Amino acid sequence: MARSLVQRARLRNAYCLLPIRDAKMQWLLRRSVFAVAILLTIAVGITDGTPRPSEQPDAAVVPLLDPAAMPESAIPVARVAMTSRSAPSLRFPYVPEPEYITSPRNYWAGRDGASIDYIVIHYTDISYARTLYAFNTLASNVSAHYVIRGDGHIAQIVAEGDTAWHSGNAWYNRHSIGIEFELDHVTNPAFTTEQYYAGAALACAISDRQGIPLDREHVIGHNEVPGTTHTDPGPTWDWPHFMWLTSLCAPPTDATVHASFVSESPYPEISTDDKALVSVVLRNTGSTAWRKGTDQEARLGIPDNSQALAFLADGWPAPERPAVQEEDIVPPGGTATFSFRVKGTLPGTFVVPLRGVVDGGAWMDDLGMFTVVTVR
């Protein structure tokens with residue numbers, strides 16, 4: 001330590017003994033050091049282009065520049081930084097929570113009396129930030145109702161009750177909701193798991209609000225709009241996977257809830273102080289999954305909600321609901337097991353009619369199911 005201090009003192013003295021003729025050199029050296037210090041101070045304050053939570057860029061005062069010609073960090077994004085969804089931590093399906101970023105320009109108010117019949121899938125071909133900028137720039141003449149970023153974050157640009165400019169066909173614009181998926185060779189070069197999950201969850205929520213069937217006649221690509229010259233969502237978009245995901249969260253209705261009979265346990269014969277287990281297996285032949293613990297939960301019910309046989313109940317969820325599905329989720333094509341107990345309260349032979357139901361959704365097909373309980 002002492003030797004170091006001595007060396008520093010000698011170095012300072014050497015600089016102080018510079019000839020006067022090098023005064024100009026010293027002045028230049030001090031000026032250079034001062035300039036470098038200023039540059040370092042400025043550099044510390046430079047961000048990555050993402051607005052801080054307290055910053056709200058005013059898109060209205062940004063010059064109308066070509067988004068494609070601007071550097072990514074210069075694109076004004078009227079939103080705060082969001083936490084990315086991570087595919088391994090996601091439990092699908094979930095309730096989508098879009099961030100509402102209204103476009104003040106690029107849409108028509110209302111639908112002019114048109115019904116909302118379609119969901120149109122697009123990809124952006126530019127980054128999420130450039131897309132939001134374009135949708136808020138009148139000169140671009142384009143918008144969509146929703147944009148889904150590569151990490152699954154959803155931005156809502158136009159209200160569902162208003163008409164976005166997304167399909168290139170005025171009639172389809174009036175009758176559809178447009179969803180843009182970020183697909184850009186730099187920021188998001190391939191559709192992600194998070195995007196498929198977010199898009200399917202969003203499609204299910206739209207279907208529930210607007211009554212749009214979740215099938216390929218009503219969920220279409222931009223390339224399927226009559227008269228279009230566009231090819232999106234393109235060959236890398238996995239339609240079967242996306243539609244399968246929507247089946248896991250599609251709202252239950254008369255059109256989506258169906259079942260077929262698979263098997264049933266033997267009819268129970270018990271004494272008046274005995275109990276027996278009854279099991280019925282049904283196949284989901286509808287287009288929406290049965291999900292335990294949700295509004296899509298399938299139950300085994302008694303037609304007409306009759307409670308006349310409630311005296312046989314042993315642990316039934318309700319007097320007219322003998323059982324709920326045992327499996328957490330039963331996708332279309334899967335099977336569900338419904339098990340319940342009956343007890344011998346009164347002697348006699350009792351025919352217990354059974355029919356599947358999704359409460360708040362629909363009764364399943366009348367399969368003529370029943371069990372016969374004999375109490376001695």
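Arg149 lies over the face of Tyr128, 5.1 Å from the ring centre. Arg149 also forms a salt bridge with Asp151, with the closest N and O atoms 2.8 Å apart. Both Asp151 and Arg149 are buried. This is a predicted model. Its protein chain has 376 residues, and buried residues make up 44% of them. The chain holds six helices and 20 strands.

**Charges over rings**

- Arg216 lies over the face of Trp239, at 3.7 Å from the ring centre.
- Arg216 has a second partner: its side chain meets that of Glu224 in a salt bridge, 3.1 Å from N to O.
- Glu224 is partly exposed, because its relative accessible area of 33% falls between the limits of 20% and 50%.
- Arg216 is partly exposed too, with a relative accessible area of 33%.
- Trp239, the ring under Arg216, also belongs to an aromatic cluster.

**Salt bridges**

- Side chains of opposite charge can pair when their charged atoms come close.
- Across the whole structure, a search finds eight salt bridges.
- One of them joins Arg299 to Glu297, where the closest N and O atoms are 3.0 Å apart.
- Arg299 counts as partly exposed, at 23% relative accessibility.
- Glu297 counts as buried, because its 11% relative accessibility is under 20%.
- Salt bridges with shared partners join Glu297, Arg299, Arg321 and Asp359 into one network.

**Aromatic rings**

- The whole structure has 19 aromatic pairs, according to the search.
- One of these pairs is Trp171 with Tyr172, which is edge-to-face. The ring centres are 5.1 Å apart, and the planes meet at 70 degrees.
- Trp171 is partly exposed, with a relative accessible area of 45%. Tyr172 is buried, at 13%.
- Trp316 and Phe340 form another edge-to-face pair, 5.8 Å centre to centre, with 90 degrees between the planes.
- Trp316 lies in the loop between β14 (313-314) and β15 (323-324), while Phe340 lies in strand β17 (residues 335-343), so the pair ties together parts that are 24 residues apart in sequence.
- Trp316 and Phe340 are both buried.
- One aromatic cluster is made up of Phe181, Phe191, Tyr196, Trp237, Trp239 and Phe242.

**The disulfide**

- The structure holds one disulfide. Cys204 and Cys249 form it, with their sulfur atoms 2.1 Å apart.
- The link of Cys204 and Cys249 is right-handed, with 75 degrees about the S-S bond.
- Cys204 lies in helix α5 (residues 193-210) and Cys249 in the loop between α6 (239-247) and β9 (259-264), so the disulfide ties together parts that are 45 residues apart in sequence.
- Both cysteines, Cys204 and Cys249, are buried.

**Nonpolar cores**

- The largest nonpolar core has 35 residues. Phe92, Ile121, Ile179 and Phe242 touch the most other members.
- At least two residues of this core come from each of β3 (118-123), β4 (146-148), β7 (176-181), α5 and α6.
- Helix α5 gives the largest share of this core, nine residues.
- Phe92 touches Tyr197, Ala200, Ala201, Leu245, Leu248 and Cys249, leaving aside residues up to four places away in sequence. Among these neighbours, Cys249 is also a partner in the disulfide.
- Another core lies apart from the largest one. It has 30 residues, among them Ala276, Leu309, Ala336 and Ala362.
- Phe242, one of the residues that touch the most other members of the largest core, also sits in the aromatic cluster with Phe181 and Trp239.

**Contacts along the chain**

- Which share of the contacts with a separation of 6 or more joins residues 24 or more positions apart? Such residues account for 72% of those contacts in the protein chain.

Technical notes:
Residues are numbered from 1 along each chain as its sequence is written. This is a predicted model: local features need pLDDT of at least 70, side-chain atom pairs count only at pLDDT 80 or more; totals for chains, interfaces and linings use all residues. Side-chain values use heavy atoms; hydrogens and water are left out. Rings of Phe, Tyr and Trp (its six-membered ring) pair if their centres lie within 6.5 Å; planes under 30 degrees apart count as stacked, over 60 as edge-to-face and the rest as tilted. Buried means under 20% relative accessible area, exposed over 50%, partly exposed in between (1.4 Å probe, protein chains only). Helices (H or I, at least four residues) and strands (E, at least two) are DSSP runs, numbered from the N terminus. A charge sits over a ring if NZ of Lys or CZ of Arg is within 6 Å of the ring centre and within 35 degrees of the ring normal. A salt bridge is a side-chain nitrogen of Lys or Arg within 4 Å of a carboxyl oxygen of Asp or Glu. A disulfide is a pair of cysteine sulfur atoms within 2.5 Å. A nonpolar core is a set of buried Ala, Val, Leu, Ile, Met, Phe, Trp, Tyr and Cys residues joined through side-chain atoms within 4.5 Å. Contact means heavy atoms within 4.5 Å.
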